[in-house]
Amino acid sequence: MKSKEEIITEMCYAYRQDYDLNKDPNSPSWCAGLTPEERKGLYNTMSNIYENNIEPLLKQNGEKK
């Protein structure tokens, strides 16, 4: 089974296909990519979704973390 971090990272890629592209903070908003701060914020959001919605279901069904 995949680790929690791997699952959360895949959730980030599913939401933003440009998750791994670096973007200059001064670039226009329509440019692809994320700044390090944006990437961290997206990861934290997906982590919260995982911990509050997915992890309880895995535990309920007897799966390991």
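Visitor: How much surface does the protein chain expose, and what share do carbon and sulfur atoms supply?

Guide: In this predicted model, the protein chain exposes about 4,900 Å², and carbon and sulfur atoms supply 50% of that area. Buried residues make up 26% of the 65 residues.

Visitor: How should the overall dimensions be read, and what is the radius of gyration of the protein chain?

Guide: One compares the value with that of a compact globule. For 65 residues such a globule would have a radius of gyration near 11 Å, whereas the protein chain has 14 Å. Along the principal axes, the C-alpha atoms fill a box of roughly 45 × 20 × 15 Å. The chain has two helices and zero strands.

Visitor: Which residues form the largest nonpolar core?

Guide: Such a core joins buried residues through side-chain atoms within 4.5 Å. Here the largest has ten residues, among them Ile7, Met11, Tyr19, Leu34, Leu42 and Tyr50. Helix H1 (4-15) and helix H2 (36-60) each supply at least two of its residues. Leu34, a member of this core, touches Tyr19, Arg39 and Leu42, including only partners beyond four places away in sequence.

Visitor: How many aromatic pairs does the structure hold, and which geometry applies?

Guide: Planes over 60 degrees apart count as edge-to-face. The structure holds one aromatic pair: Tyr13 and Tyr19 are edge-to-face, 5.2 Å centre to centre, with 75° between the planes.

Visitor: Why is Tyr19 classed as buried and Tyr13 as partly exposed?

Guide: Buried means under 20% relative accessible area. Tyr19 is buried because its value is 9%, while Tyr13, at 35%, is partly exposed. Arg39 also lies over the face of Tyr19, at 5.9 Å from the ring centre.

How values were computed: Residues are numbered from 1 along each chain as its sequence is written. This is a predicted model: local features need pLDDT of at least 70, side-chain atom pairs count only at pLDDT 80 or more; totals for chains, interfaces and linings use all residues. Side-chain values use heavy atoms; hydrogens and water are left out. Buried means under 20% relative accessible area, exposed over 50%, partly exposed in between (1.4 Å probe, protein chains only). Helices (H or I, at least four residues) and strands (E, at least two) are DSSP runs, numbered from the N terminus. Contact means heavy atoms within 4.5 Å. Rings of Phe, Tyr and Trp (its six-membered ring) pair if their centres lie within 6.5 Å; planes under 30 degrees apart count as stacked, over 60 as edge-to-face and the rest as tilted. A charge sits over a ring if NZ of Lys or CZ of Arg is within 6 Å of the ring centre and within 35 degrees of the ring normal. The radius of gyration is taken over C-alpha atoms; the globule rule is 2.2 Å times the number of residues to the power 0.38. Accessible areas come from the Shrake-Rupley method with a 1.4 Å probe; for residues, only the protein chains shown count as cover.
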